[in-house]
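Hello,

Here is the structure I promised to pass on to you. Please open it alongside this message, and my notes on what turned up follow below.

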Amino acid sequence: MDDAAVDDAAVDDAAVDGNAIGGLLIEVFGTEMTTAVGTCGNCGAVAQVAEFAVYRPGLGTVVRCRSCGSVLMVFTEIRSVTCVDLMGLASLT
Amino acid sequence: MAGTAVRRRLSWQTATVGRVTDETPRVRTLWLEVPDWPGHRAGQHLDIRLTADDGYQAERAYSIASAPGEPLAITVERLDDGEVSPYLTEEARAGDQLEVRGPVGGYFVWEPGSDPGGPLLLAAGGSGVVPLRAIVRERSRTGSSVPVRLLYSSRSWEDVIYSSELELPPDGVQVTYTLTRSQPRAWQGYARRVDMQMLAEVAWPAAEQPLAYVCGPTCFVESVAAGLVGLGYPAGRVKTERFGATGQ
């Protein structure tokens, strides 16, 4: 619970979570997705989308597994068209 | 959610800034008038998009501060290096127009009767109190009697948002503060970052099957959520929302 413990958990303070991209996901999928359940294609961890780690460096949105750090989803917007890469997910329901 | 059963495609729409109120030197509440706002649930957020003269766009998510059925309001903390919050906290005036998209979110929401379990534990780091305040107001608005404990971590008393409202909490709502950087003279409360001992003292015992909502900077949320799980809360009973490194 102290600073050292947080560092041990390898927490990236810059990461937000899937709640933050609820609006983007509604635009892409046409429905509320933060309560959808995704399975990591790498480690098999199962979590609600709201719990995924989300990085928004400016050029796009990178969604990672909170267990193994693998990239699950990538969204980039080019001329108002959103490109979607879901290759890191084994399933999303 | 009251209203239409037909799913509305979520899109950007124009909001007009109504009343503006300073909460703290860094935090401001803005009421937004959005035609055809479909209503929201306590804990949801909306996205705001600003467009510069050269076409550059920046968008950010802001938690909704008001309960469903109340005039729509957001509470925004100024981040000095932010792209959106300096405008919202310093420049936005009544009558200004901006683009909003929402309401957004289905995970970090609370509705009376939606959970058959025990009491609510709300843990806020800084402006993470905003969606939790909406939950407390919704509890009052709907006449819910679910017991609530709110643990609110703030840098100083001057940084406490909604202090006058939280000074007289509704029956069944207990507010505990911890002031991590500076404290008023004769402060009797907690004066450190939330730790296991504090959670053990403030949080409902796991045996009461509490439902926890934890919101704030990412390091705060990680720390509190891990602490609650350490106290026996099932991970699925700890709902989290992370604002990133510096808040909302």
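**Chain A, from end to end**

Along its sequence, chain A reads α-β-α-β-β-β-β-β-β-β. That pattern holds 2 helices and 8 strands. Before you go further, please keep in mind that this is a predicted model.

Of the 93 residues in chain A, 33% are buried. Among the chain A contacts with a separation of 6 or more, 45% are between residues 24 or more positions apart.

Chain A also has an open sheet of 3 strands, in the order 3-2-8 and with antiparallel pairing. Its edges are strand 3 (46–48) and strand 8 (89–92) of chain A; each has a single partner strand, so one side of each is left without a neighbour in the sheet. On average, and ignoring direction, neighbouring strands here are turned by 25° against each other. If you want to look at one pairing in detail, strand 2 (residues 37–40) and strand 8 of chain A run antiparallel and are joined by 3 bridges. A:C40 has A:L89 in strand 8 of chain A as its bridge partner.

**Where the two chains meet**

How many residues does each chain bring to the contact? Chain A brings 22 residues and chain B brings 25 residues. On the chain A side, strand 1 (16–17) and helix 2 (22–29) each supply at least two of the residues that touch chain B. Helix 2 of chain A gives the most to that side, with 4 residues. Sorted by class, the side of chain A that touches chain B has 10 nonpolar, 8 polar and 4 charged residues.

Helix 2 of chain A deserves a second look. Its buried residues are A:G22, A:G23, A:L24, A:L25 and A:I26. Within chain A, these buried residues pack against strand 5 (60–64) and strand 6 (71–78). From chain B, strand 3 (45–51), strand 4 (57–63) and strand 6 (97–104) also pack against them. After helix 2 of chain A comes A:G30, which has a positive phi, near 80°.

**The chain B strands that helix 2 of chain A meets**

The strands of chain B just named are also paired with one another, as follows. Strand 3 and strand 4 of chain B run antiparallel, with 7 bridges joining them. Within this pair, B:L46 stands opposite B:Y62 of strand 4. The two strands form a hairpin with 5 residues between them, and B:G55 in the turn has a positive phi of about 95°. Strand 3 of chain B is also joined to strand 6 of chain B, by 4 bridges and in the antiparallel sense. There, B:R49 has B:E99 in strand 6 as its bridge partner.

**The parallel sheet and the core of chain B**

Chain B has an open sheet of 5 strands as well, with parallel pairing and the order 9-8-7-10-11. Strand 9 (173–179) and strand 11 (238–242) of chain B are the edge strands, each pairing on one side only. From one strand to the next, the twist averages 10°. Strand 7 (residues 120–125) and strand 10 (residues 211–216) of chain B pair in the parallel sense over 5 bridges, and in this pair B:L122 has B:Y213 as its bridge partner.

Helix 2 (residues 129–141) of chain B lies across strands 7, 8, 9, 10 and 11 of chain B, running at about 155° to strand 8 (148–154).

Which residues have the most contacts inside the largest nonpolar core? They are B:L122, B:L132, B:L150, B:A212 and B:Y213, in a core of 83 residues. Helix 2 of chain B supplies the largest share of this core, 6 residues. Domain 1 (13–104) and domain 2 (120–242) of chain B both give residues to the core, so it lies between them. Setting aside neighbours within four places in sequence, B:L122 is in contact with B:L132, B:I135, B:V148, B:L150 and B:Y213.

**One residue outside the core**

Finally, is B:A200 in helix 4 (residues 196–202) of chain B buried or exposed? B:A200 has 12 other C-beta atoms within 10 Å, and a residue with 12 or fewer counts as exposed. Its C-alpha atom is separated by 35 Å from that of B:D47, 153 residues apart along the chain.

Best wishes, and happy browsing!

Technical notes
Residues numbered from 1 in each chain as written. Chains lettered and ligands numbered in written order. Predicted model: local features only at pLDDT ≥ 70, side-chain atom pairs only at ≥ 80, totals over all residues. Contact = placed C-beta atoms within 7 Å. Nonpolar A, V, L, I, M, F, W, Y, C, P; charged D, E, K, R; others polar. Pairing = 2+ DSSP bridges. Axes fitted to C-alpha atoms, helices over the stretch in contact; angles between N-to-C directions. Buried ≥ 20, exposed ≤ 12 C-beta atoms within 10 Å, placed from the backbone. Core = buried A, V, L, I, M, F, W, Y, C linked by C-beta atoms within 7 Å. Domains from an automatic or database assignment.
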